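Trainee: I would like to go through this model and ask how each label is earned.
Mentor: Go ahead, and we will set each value against its cut-off.

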Amino acid sequence: MFSVPELIKLRPYQAVAALELSERQAGTYREHLWAEGQAILSTVFVQSITAGARLRVRYLDQSLGEAFHEAMELGGHEVITSSLTSNKTLITRFHNQPTVVCEVIGGSATFGVFISMVDATADADFGFGKTLTFCDAVGTAQVFLPPTAGQKVQGLSVRCSIDQPTSKRLLFSLDGGEKFIKLAPGEAFSLAPRGDLRQIIVKSLADQTSYEVVLNTSS
């Protein structure tokens, strides 16, 4: 009897752990997604990995040939061989049920895969340009990211780091400081902005607050 895999439902602007942070031995791990949107922003974090081991994370899609083991490559992350490493990528061109495939090769690894449903107007918006990553702490004074306005921001993810007191609050602005969005530790915000956004502003509500920001820029 053909068994239907359990799906992780991912709705617009929702963020979930496709694979929780956990130690996994050598082998292949798959999670099937139900993606209600245009693009998946995917982050792989490796807490630890044994010497000589490799972690490969990629995304597959199927159409009418799923029963015949059809698997179309959508893209994936860089192969990771070192601990305390994060890697981000954007996945597009799927129907609505892509699969994330994680392969631990030659050892074991403690890792997790965190995904968000974001907007994307076209592959070209994200196929070129740069991914800028900022991980730091900020006080009540405004900090501009990037420090100097550069290329147009096509996609962004802002996260208030989880490993800090629950009383911390991160504030960020997409409109030059006119309005600020507030995030508590562990909360994240992802968006494919319209218009001509080239910088965002971050600051804390009171005390020093840690943050993680990823900006995908145009070419």
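Mentor: Contact means that heavy atoms lie within 4.5 Å. Keep in mind that this is a predicted model. Among the contacts in the protein chain with a separation of 6 or more, 80% are between residues 24 or more positions apart.

Trainee: What makes the protein chain as compact as a globular protein of its length?
Mentor: First, the chain has one helix and 17 strands. Its radius of gyration is 18 Å, and the globule rule gives 17 Å for 219 residues; the two values are close, so the chain counts as compact as a globular protein of that length. The C-alpha trace spans about 60 × 40 × 30 Å along its principal axes.

Trainee: What percentage of the residues is buried?
Mentor: Buried residues are 44% of the 219 in the protein chain. The label requires under 20% relative accessible area.

Trainee: Where does D61 lie?
Mentor: D61 is in strand β5, which covers residues 54–61.

Trainee: Why is D61 said to have no salt bridge?
Mentor: A salt bridge needs the charged atoms within 4 Å. The nearest side chain of opposite charge to D61 is R93, at 7.9 Å, so the cut-off is not met. D61 is nonetheless buried.

Trainee: How do you know that D61 has a polar contact with H95?
Mentor: A polar atom of the D61 side chain is 3.0 Å from the backbone nitrogen of H95. The limit is 3.5 Å, so the distance qualifies.

Trainee: Which residues beyond four places in sequence are in contact with D61?
Mentor: They include E70, M72, L74, R93, F94 and H95.

Methods: Residues numbered from 1 in each chain as written. Predicted model: local features only at pLDDT ≥ 70, side-chain atom pairs only at ≥ 80, totals over all residues. Heavy atoms only, no water. Helix = DSSP H or I, 4+ residues; strand = E, 2+ residues; numbered from the N terminus. Buried < 20%, exposed > 50% of the residue type's maximum accessible area, 1.4 Å probe, protein only. Lys, Arg positive; Asp, Glu negative; His and termini not counted. Polar contact = N/O pair within 3.5 Å; in protein donor to acceptor, adjacent residues only side chain to side chain. Rg over C-alpha atoms; globule rule 2.2 N^0.38 Å.
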